[in-house]
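Subject: Handing over the structure

Hello,

Here is the structure I promised to pass on to you. Please open it next to this email, and I will walk you through what turned up.

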Amino acid sequence: MDSSHVNPLKAIANPTLVEEIARLSPEAQEGHYDELRGNSSELLPHWKTFFEQLGHSGLSDLDQRTQELNRQIRDNGITYNVYADEFGPQRPWSVDLFPLIINPDSWQEIQSGVLQRARLLEAIIADIYGPQNLLKEGYIPPALIQGHPGYLRSMRGVNLCSKKHLHIIAFDLARAANGKWSVLSQRTQAPSGLGYLLENRNLIARQFPAAYEQMHIAPLASAYRDLIETLKQESPAGSNAHIALLTPGPYNETYFEHAYLARYLGLTLVEGGDLTVRDQRLFLKTVRGLEPVHILLKRLDDEFLDPLELRSDSTLGVPGLLQAIRAGNVILANAPGSAFLESPALLGFLPAISERLLNEKIELPAMDTWWCGERAALASAIPNLGHSAIKPTYPNSSGHQNYESTLGGDLTQAQLDEWVGRITRQPDEHTVQTYIPLAQMPTWLNAFNLNDASLIEPHSYMLRVFALSNGPDSWQVLPGGLARIASNESEIASMQRGGSSADVWVQSTQYIQDSGTHSQQLVQTKGMTLRKRLVTSRAAENLYWFGRYTERSENILRLAKLYLEKINSEYTPSKNLWIWLEKLCHQYGLIPEGVPNNFGPDDVRHRIFERTLINSLNASDHVTSVGFNLQAMKRTASNVRERLSPEQWSTINHCIENFQADCHKASTFHDFSSSLAIDALNRANGSLSAITGAQTDRMTRDDGWQLLSIGRHIERLSFLTTALDLAIEFGLLNNPNMDDSGYIALLQLFDSTITFHAQHQQSRDLAPLISLLALDDENPRSLAWVSKALRARLSKLAGTERDNPDELTRSVVNFQNYDLTQLSSLDQYGNLSNLRACLQQCSQSAWNVSDEISGRYFNLIHSNEYSVQL
């Protein structure tokens with residue numbers, strides 16, 4: 001065997017594994033704390049334990065674990081999109097194989113300091129929106145509060161429903177070379193990371209189960225439960241409180257996290273357009289009317305919350321939301337008006353404020369910070385600019401300077417002089433913070449792409465931890481966090497700049513089982529209230545179109561496959577069959593306008609048509625191709641991501657990715673393009689079968705599912721009636737005993753060939769065909785079955801009995817009113833006029849139902865039809 005292909009890790013024997021790891025792992029760069037070794041030359045005890053639990057394989061299978069990790073990220077659809085694009089590729093979430101491990105002593109330092117800071121920030125915001133003693137006594141410059149766009153004067157003096165402004169606070173921490181932790185920043189408006197860190201835990205614990213168990217890593221779930229229970233206790237609705245999670249929508253870079261958290265916590269995921277305020281109360285627009293919302297977890301910044309009082313151009317918020325909060329009718333977590341707490345300038349004033357409000361010295365220090373709006377601070381900051389970070393005082397605020405944080409050490413002298421000028425001209429817009437080199441944690445490199453690099457490489461990181469409310473006056477620190485790893489030589493740990501992440505393992509001094517006792521569970525079930533899952537009008541519309549695009553993709557895929565199989569068949573298709581197939585291809589957008597029709601197999605144009613069809617299978621310009629409809633299916637599915645299982649979402653992604661690759665291959669290899677295109681369509685058809693199976697067997701039969709199913713049946717009814725009507729129009733059934741190509745093609749398009757042969761063998765009479773395709777209510781591809789299923793879904797949605805349907809349900813053609821003799825009889829001209837009339841009526845009724853469904857459940861324009869559910 002070629003030695004260049006031998007895994008270099010195979011030589012590592014387990015008895016000396018720790019020593020080998022120490023040899024393979026470079027020390028952290030000078031000035032950085034080394035997480036692997038601390039301040040010694042040997043691995044720290046918790047890292048020794050971690051590596052000892054790798055087992056006999058040692059490091060040799062870490063590449064395989066990395067591949068498994070990346071596959072799981074793809075399968076779960078975990079994404080982080082800096083600039084989300086409707087049609088662009090989604091960026092997979094990046095997580096390193098190794099976790100960041102924090103021992104009990106270090107965690108105690110973090111936990112104690114963060115708990116104190118959480119209490120401090122709550123006390124500050126309560127004072128600022130209350131008596132304002134801090135401003136009166138000069139503890140905070142008024143410019144940092146009243147001059148901050150995030151200070152909301154309309155919220156001063158408001159008696160909040162929850163009696164608490166903050167419920168979730170994120171702190172970004174850095175570790176100095178001496179191993180001590182410091183605060184770099186704090187996030188209170190809509191801190192991200194709670195969902196990603198949960199998914200990181202699921203991913204990494206699965207890769208190292210023995211180490212996770214042996215090291216007694218603190219679990220996370222109870223902290224989330226406590227947060228939700230606390231919010232319910234603070235609401236007047238109590239345990240029956242309806243909680244929703246407000247997201248900016250699927251094009252936000254962290255939308256995956258919003259959908260994940262909503263699914264994990266059992267919350268209703270909503271956008272601003274899903275909500276409305278009536279009589280100073282917040283309601284959710286559902287297909288059943290307005291449902292009250294008592295608690296709103298927000299994932300967008302304050303300025304977008306209410307276009308009536310804040311940014312008038314915001315389409316993300318809810319008009320009147322602030323008034324509903326002031327009236328005490330809804331809890332917002334966190335309450336609006338906390339943006340000024342995120343200003344880096346505030347950090348320098350917190351030690352004195354802590355002694356004033358808490359009568360305590362600050363435990364967890366921040367970096368030395370100077371707000372340049374004070375003359376003395378400006379004089380101290382300018383000489384330190386070269387080894388400090390320059391930050392905007394009012395980040396992400398309109399009317400103020402906004403720029404990326406800049407490290408003075410990365411600037412030339414000319415650039416430093418330019419910054420001095422900018423700061424001197426507008427000192428209040430700038431804050432200077434002492435820079436310390438970030439601690440470095442071990443990261444794993446792929447052993448087969450080393451290029452003389454080390455296997456384990458230290459990278460700088462920043463730690464984000466979360467304080468979560470667990471009572472009216474109490475907090476807990478989530479025992480974990482999100483480590484953000486800087487890319488390459490960068491010292492800025494940011495996902496937006498191409499960084500990665502790591503799971504954070506907090507060692508517990510004792511084993512904690514994160515589950516309640518049996519008796520506790522019994523007590524909980526006694527007071528349990530059954531709450532049906534609410535379906536917002538937006539979710540209903542997306543589920544409806546999810547069903548339609550899924551069915552449409554299946555139908556046109558089968559049509560394209562049928563055409564390619566017929567044109568490459570050993571039997572010469574009839575002219576009528578050509579005309580019928582090409583008419584359908586044009587009608588359903590598989591072929592661009594202007595491509596000439598084929599009038600026979602000897603005509604050279606049929607190859608042009610075939611080549612165009614193959615090249616257009618995944619096109620999006622001027623055609624509504626198979627690929628176009630698959631992408632539309634994915635787009636609608638992404639809007640209801642929280643309702644789909646990871647497996648279902650993964651199947652959708654794999655279907656599209658494989659189809660794109662297969663179509664590229666088919667359009668590249670011209671000699672085999674037809675067979676390759678058919679293979680691509682067969683493979684996609686298998687994936688679509690899995691998708692429709694998940695829709696049928698893996699989704700709750702609520703109103704949303706009813707609409708998804710209605711969408712599929714409307715699409716199927718329209719397609720099949722059109723195909724059969726055109727087949728009759730173009731004479732495919734004129735003399736099937738002489739030319740049965742059209743007869744067979746219809747059975748194939750209806751996916752009913754096997755059923756037909758089982759019932760009627762090789763018959764080519766019209767009556768058996770019409771019976772199976774139109775009247776057989778046990779064949780899921782017959783018009784009678786689809787019509788019956790559609791009526792059943794409509795009746796269920798309307799809440800009526802099947803024997804007493806509403807007007808909309810009655811409008812769908814009922815094939816029980818037709819008999820075979822009537823539909824298969826010929827008129828005086830030898831035409832199937834009765835059947836065609838039935839088909840056209842059926843098709844029209846499907847479109848009428850579609851219009852009525854949209855007007856009744858999606859548009860919600862007429863307020864008198866939109867009642868409040870009590």
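Two strands pair if DSSP finds at least two bridges between them. The elements named below are DSSP runs, numbered from the N terminus: helices are H or I runs of at least four residues, and strands are E runs of at least two.

Before the details, please keep in mind that this is a predicted model, in which local features need pLDDT of at least 70 and side-chain atom pairs count only at pLDDT 80 or more, while totals for chains, interfaces and linings use all residues. Residues are numbered from 1 along each chain as its sequence is written, and side-chain values use heavy atoms, with hydrogens and water left out.

**The chain as a whole**

The protein chain holds 29 helices and 19 strands. Of its 870 residues, 56% count as buried, where buried means under 20% relative accessible area, exposed means over 50%, and partly exposed lies in between (1.4 Å probe, protein chains only). A contact means heavy atoms within 4.5 Å. Among the contacts in the protein chain with a separation of 6 or more, 71% come from residues 24 or more positions apart.

**Strand β2 and its partners**

A good place to start looking is β2, residues 168-175. In this strand 8 of the 8 residues are buried, so β2 is largely enclosed by the rest of the structure. Both of its faces are covered: I168, A170, D172 and A174 are buried on one side, and I169, F171, L173 and R175 on the other.

Strand β3 (residues 181-187) runs antiparallel to β2, and 6 bridges join the two. F171 has Q186 in β3 as its bridge partner. The hairpin of β2 and β3 has 5 residues between the strands, and G179 there takes a positive phi near 90 degrees. β2 is also joined by 6 bridges to strand β16 (residues 456-471), again in the antiparallel sense. There, A467 of β16 stands opposite I169.

**Two open sheets**

As a general reminder, strands of a sheet pair through backbone hydrogen bonds, either parallel or antiparallel.

One open sheet has 3 strands in the order β6-β7-β8, with antiparallel pairing. β6 (275-278) and β8 stand at its edges with a single partner strand each, so one side of each has no neighbour in the sheet. Neighbouring strands of this sheet are turned by 45 degrees against each other on average, direction ignored. β6 and β7 (residues 281-286) run antiparallel and are joined by 4 bridges, and R278 has R281 in β7 as its bridge partner. In β8 (residues 289-292) you will find L290, which is buried with a relative accessible area of 0%. L290 and T276 are 14 residues apart in sequence and 8.6 Å apart in space, C-alpha to C-alpha.

Another open sheet has 4 strands in the order β11-β14-β12-β13, also with antiparallel pairing. Here β11 (369-371) and β13 (406-407) are at the edges, each with a single partner strand, so one side of each is left without a neighbour in the sheet. Inside the sheet, β12 (residues 388-392) and β14 (residues 430-434) pair in the antiparallel sense over 5 bridges, with V432 in β14 as the bridge partner of I390. Helix α14 (residues 413-425) packs on this sheet and touches β12, β13 and β14; its direction makes about 125 degrees with that of β14. For this and the angles below, axes are lines fitted to C-alpha atoms, for helices over the stretch in contact, and angles run from 0 to 180 degrees between N-to-C directions.

**Two helix pairs**

Helices α23 (residues 741-749) and α25 (residues 766-775) pack at about 20 degrees, with their axes 11 Å apart. They are therefore roughly parallel to each other (under 35 degrees; over 145 is roughly antiparallel, 65 to 115 roughly perpendicular, and the rest oblique). Y743, L746 and L747 in α23 meet L769, L772 and L773 in α25. The residues of this contact divide into 6 nonpolar, no polar and no charged (Ala, Val, Leu, Ile, Met, Phe, Trp, Tyr, Cys and Pro count as nonpolar, Asp, Glu, Lys and Arg as charged, and the others, Gly among them, as polar).

Helices α21 (residues 673-697) and α22 (residues 703-729) pack at about 140 degrees, with their axes 10 Å apart, and are therefore oblique to each other. T692, Q695 and T696 in α21 meet W705, L708 and R712 in α22, a contact of 2 nonpolar, 3 polar and 1 charged residues.

Enjoy exploring!
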